[in-house]
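Me: I would be grateful for a close look at one part of this structure, followed outwards to whatever it is linked with. Please treat the matter in one connected account, giving the reasons where they can be given.

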Amino acid sequence: MAAAVFELEASDGGARTGTVTTARGSFATPCFMPVGTRGTVKHLDSSDLESLGVEVVLANTYHLMLRPGSETVARLGGIHGFADWSGHVLTDSGGYQIYSLDPAVDDDGASFASVYDGSPCRLTPEAAVTEQALIGADITMVLDVCPSAVAERPVLEEAVSRTAVWAERGRDAFTAHPDAAQRQCQFGIVQGGAEPDLRRESAERTVEIGFDGYAVGGLSVGEERPAMLAALESCTAVLPADSPRYFMGLGDPVGIVEAVARGIDMFDCVLPTRLGRHGTVLSDAGRYNLSAARHAGSDEPLDPSFPDSPAGRWSRGYLRHLLVTHEPTAARLVTLHNLAWLLRLMDRVRAAVGAGTFDELRAGVSRVFK
């Protein structure tokens with residue numbers, strides 16, 4: 001059976017660096033995984049990701065199983081051949097769609113309508129394994145129930161219980177699958193809203209089943225930061241130190257460094273690319289809106305302290321011109337810059353942990369992005 005092996009390299013307080021090794025190869029942690037929902041990061045291609053030094057990309061099981069269909073992806077070489085991407089791919093299970101599309105959920109699975117043509121869809125823990133095996137990701141996720149951030153406690157309790165039952169079914173289906181267990185890894189997911197005791201219970205039940213890695217889901221979905229961090233701490237206190245830990249859907253710089261401080265290794269989020277498409281720039285001085293009039297005549301690059309930015313050769317004035325005239329090149333270049341900036345932050349995080357100066361970096365990021 002394939003496995004995700006985590007090797008610790010350095011630690012500084014709760015923060016840690018390491019290497020995750022799978023059947024495909026290895027990648028360094030803490031890491032940020034750009035989101036390629038339909039098999040591509042919006043406005044970018046595989047050569048862009050290679051030039052940025054991306055090691056892991058996230059793809060969306062729900063969308064790919066509907067368009068073009070998991071079987072089509074499999075016939076065209078799996079997600080790696082389909083997208084001509086040789087790095088790692090992680091697929092979510094469709095659990096977030098259970099949160100966002102308000103389907104009918106029962107003990108067996110979830111039913112919802114396709115966002116493309118309205119046709120009926122059904123996803124179970126076993127089907128999530130099958131679909132992800134066809135897609136061919138390196139790291140796959142169990143199907144979970146992700147409740148709303150404002151859900152009442154009885155709803156959260158039901159989500160924790162159902163997630164645990166589905167996790168066991170998903171693990172059984174994964175280990176029995178003729179292909180998945182030989183070439184893929186599978187992560188379990190911890191739920192429980194912002195309730196620390198439910199988070200701990202969910203973590204304990206997930207660890208008891210046993211997975212290759214562990215994800216924290218259902219946080220950073222609208223709750224206040226202190227509540228998010230308290231819930232996170234109750235998870236990481238239980239999750240095994242010798243397995244990779246993944247915070248699903250977190251991409252703001254302060255959130256990332258705070259989660260790293262609590263032992264998280266992997267992150268994904270649409271934030272840097274979504275901001276880029278709409279002209280919001282990440283920089284060492286904070287984030288700003290490039291469409292603001294004050295940038296119209298500026299000959300400065302997007303971030304003067306980041307000369308290696310892939311958009312560094314062009315001025316703010318030029319890029320703003322492209323943005324306000326709706327030239328697609330603007331979205332592409334700012335997206336490239338934002339991803340490069342965030343990947344550079346992860347490089348700095350790893351270096352700071354290794355040097356024992358992580359708290360200084362963490363404080364600096366918090367001052368700038370507040």
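Reply: In this predicted model, the buried residues of helix α11 are Pro 253, Val 254, Gly 255, Ile 256, Val 257, Glu 258, Ala 259 and Val 260. With eight of its eight residues buried, α11 is mostly covered.

The loop that follows α11 provides the way outwards. Asp 265, a residue of this loop, forms a salt bridge with Arg 16, and the closest N and O atoms of the two are 2.7 Å apart. Arg 16 belongs to strand β2 (residues 15–21), while Asp 265 sits between α11 (253–260) and β14 (266–269), so the salt bridge ties together parts that are 249 residues apart in sequence. Both partners are covered. Arg 16 is buried, its relative accessible area being 6%, and Asp 265 is buried as well, at 0% relative accessibility.

Strand β14 leads into the sheet. Eight strands form an open sheet in the order β4-β14-β13-β12-β11-β10-β6-β5, and their pairing is parallel. At the edges stand β4 (31–34) and β5 (56–60); each has a single partner strand, so one side of each is left without a neighbour in the sheet. From one strand to the next, the twist averages 25°.

Within this order, β11 pairs with β12 (residues 213–216) in the parallel sense, over four bridges. Val 190 faces Val 216 of β12 across that pairing. Helix α7 packs on the sheet, where it touches β10 (139–141) and β11, and its direction makes about 175° with that of β11. Another helix, α10 (residues 225–236), lies across β11, β12 and β13 (245–247) and runs at about 160° to β13.

Strand β10 can be examined through one of its residues. Thr 140 is found in this strand and is buried, at 2% relative accessibility. Leaving out residues up to four places away in sequence, Thr 140 touches Thr 91, Gln 132, Phe 174, Gln 184, Cys 185, Gln 186 and Phe 187.

Gln 184 also appears among the contacts of Ala 2, a list that includes Ala 23, Ala 181, Gln 182, Arg 183 and Asp 212 once neighbours within four places in sequence are set aside. Ala 2 belongs to the segment before β1 (5–12), and at 9% relative accessibility this residue counts as buried.

Helix α7 leads on to helix α9. The axes of these two helices come within 10 Å and cross at roughly 10°; an angle under 35 degrees counts as roughly parallel, and α7 is therefore roughly parallel to α9. On the α7 side the contact involves Arg 153, Leu 156, Glu 157, Val 160, Ser 161, Ala 164, Ala 167, Glu 168 and Arg 171, which meet Asp 197, Leu 198, Glu 201, Ser 202, Arg 205 and Ile 209 of α9. By character, the residues of this contact divide into six nonpolar, two polar and seven charged.

Arg 153 has a further role in the account. Glu 195 forms a salt bridge with Arg 153, with 3.4 Å between the closest N and O atoms. Glu 195 lies in the loop between β11 (185–190) and α9 (196–209), and Arg 153 in α7 (residues 153–176), so this pair ties together parts that are 42 residues apart in sequence. Glu 195 is partly exposed, at 30% relative accessibility, and Arg 153 is partly exposed too, with a relative accessible area of 31%.

Salt bridges occur elsewhere as well, and a search of the whole structure finds 23. Asp 108 and Arg 122 meet in one of them, at 3.1 Å from N to O. Asp 108 lies in the loop between β7 (104–105) and β8 (110–113), whereas Arg 122 lies in strand β9 (residues 120–123), so the pair ties together parts that are 14 residues apart in sequence. Asp 108 is partly exposed, with a relative accessible area of 38%, and Arg 122 is partly exposed at 34%. These two residues are linked with Asp 106, Glu 126 and Arg 169 in a network of salt bridges.

Definitions and conventions: Residues numbered from 1 in each chain as written. Predicted model: local features only at pLDDT ≥ 70, side-chain atom pairs only at ≥ 80, totals over all residues. Heavy atoms only, no water. Salt bridge = Lys/Arg side-chain N within 4 Å of Asp/Glu carboxyl O. Buried < 20%, exposed > 50% of the residue type's maximum accessible area, 1.4 Å probe, protein only. Pairing = 2+ DSSP bridges. Axes fitted to C-alpha atoms, helices over the stretch in contact; angles between N-to-C directions. Contact = heavy atoms within 4.5 Å. Parallel < 35°, antiparallel > 145°, perpendicular 65-115°, else oblique. Nonpolar A, V, L, I, M, F, W, Y, C, P; charged D, E, K, R; others polar.
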